[in-house]
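Reader: I would like to go through the labels attached to this model and hear the reasoning behind each one. Please set each value against its cut-off.

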Amino acid sequence: MADIDKTAFFSAVLKTIASTRNHNTDQDEHAKGVVEPAARIRAVEEEVAEQPLTSGRTGEVLDLLETTFRAKRTPDEEREYYLQYIEKVSGVSRASLGVSAG
């Protein structure tokens, strides 16, 4: 996974969470499904600061992103758009991780 731009990856994931529209009005779900996963992603970013980004860590971050998509009730087309964006800017291949939209 040496060709991955770690900074771009975390930046794109966090930008995606901030950019996706929330279609869910339940504040408790928002806290558990968006705020907490975003905080965990930031923690992972700090934990891997001087280390290579492993496929396990990348998968963990993308799973947390998927949690935010579910909590926000993000439509599949929008999920796919953002996942392609993350892949394009960072070099993370979802196919290699077995991650798909939805």
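Reader: Are Arg 79 and Glu 66 buried or exposed?

Author: The model is a predicted one, and in it both Arg 79 and Glu 66 are buried. For Glu 66 the relative accessible area is 13%. Buried means under 20%, so Glu 66 at 13% falls in that class.

Reader: What makes the contact between Arg 79 and Glu 66 a salt bridge?

Author: The closest N and O atoms of Arg 79 and Glu 66 are 2.3 Å apart. The cut-off is 4 Å between a side-chain nitrogen of Lys or Arg and a carboxyl oxygen of Asp or Glu, so the pair at 2.3 Å qualifies. The two residues are 13 residues apart and link distant parts of the chain, with Arg 79 in helix α4 and Glu 66 in helix α3.

Reader: Why is Glu 66 with Arg 70 also called a salt bridge?

Author: The closest N and O atoms of Glu 66 and Arg 70 are 3.9 Å apart, and the pair counts because the limit is 4 Å. Both residues lie in helix α3, four residues apart, which is about one turn of the helix. Arg 70 has a relative accessible area of 48%, so it is called partly exposed; the label exposed needs a value over 50%.

Reader: How many salt bridges are there, and which residues form a network?

Author: The structure holds seven salt bridges. Arg 40, Glu 47, Arg 57 and Glu 60 are linked in a network of them. Within that network, the side chains of Arg 40 and Glu 47 meet at 2.9 Å, N to O. Arg 40 has a relative accessible area of 31% and Glu 47 has 36%. Partly exposed covers values between 20% and 50%, so that label applies to Arg 40 and to Glu 47.

Reader: How many aromatic pairs are counted, and what makes Phe 9 and Phe 10 one of them?

Author: The count comes to two aromatic pairs. The rings of Phe 9 and Phe 10 are 5.3 Å apart, centre to centre, with 70° between the planes. Centres must lie within 6.5 Å, and an angle over 60 degrees counts as edge-to-face, so Phe 9 and Phe 10 form an edge-to-face pair. Phe 9 has 0% relative accessibility and Phe 10 has 1%. Both values are under 20%, so Phe 9 is buried, and so is Phe 10.

Reader: Why is the pair of Tyr 81 and Tyr 82 called edge-to-face?

Author: The planes of Tyr 81 and Tyr 82 are 80° apart and the centres 5.1 Å, so the angle is over 60 degrees and the distance is within 6.5 Å. Tyr 81, at 54% relative accessibility, counts as exposed because the value is over 50%. Tyr 82 has 13%, so it is buried.

Reader: How do you know that helix α1 has the expected span?

Author: Helix α1, residues 6-19, has 14 residues and reaches 20 Å from its first C-alpha to its last. That is close to the 20 Å expected at 1.5 Å a residue.

Reader: Which residues of α1 are buried, and what covers them?

Author: Ala 8, Phe 9, Phe 10, Ala 12, Val 13, Thr 16 and Ile 17 are buried in α1. Their cover includes α2 (27-47), α3 (55-72) and α4 (76-90). Ser 11 also lies in helix α1, but at 42% relative accessibility it counts as partly exposed. The C-alpha atoms of Ser 11 and Ser 90 are 9.1 Å apart in space, although the residues are 79 apart in sequence.

Reader: What makes Asp 5 a cap of α1?

Author: A side-chain oxygen of Asp 5 lies 3.2 Å from the backbone nitrogen of Thr 7, at the N-terminal end of α1. The limit for a polar contact is 3.5 Å, so the distance of 3.2 Å meets it.

Reader: Why is the phi of Arg 73 pointed out?

Author: Most residues other than glycine have a negative phi. Phi of Arg 73 is near 55°, a positive value in a residue other than glycine. Arg 73 is found in the loop between α3 and α4, and at 46% relative accessibility it counts as partly exposed.

Reader: What is the secondary structure of the protein as a whole?

Author: The protein has five helices and zero strands. Buried residues make up 37% of its 102 residues.

Note on methods. Residues numbered from 1 in each chain as written. Heavy atoms only, no water. Phe/Tyr/Trp six-rings, centres within 6.5 Å; stacked < 30°, edge-to-face > 60°. Buried < 20%, exposed > 50% of the residue type's maximum accessible area, 1.4 Å probe, protein only. Expected span 1.5 Å × (residues − 1). Contact = heavy atoms within 4.5 Å. Polar contact = N/O pair within 3.5 Å; in protein donor to acceptor, adjacent residues only side chain to side chain.
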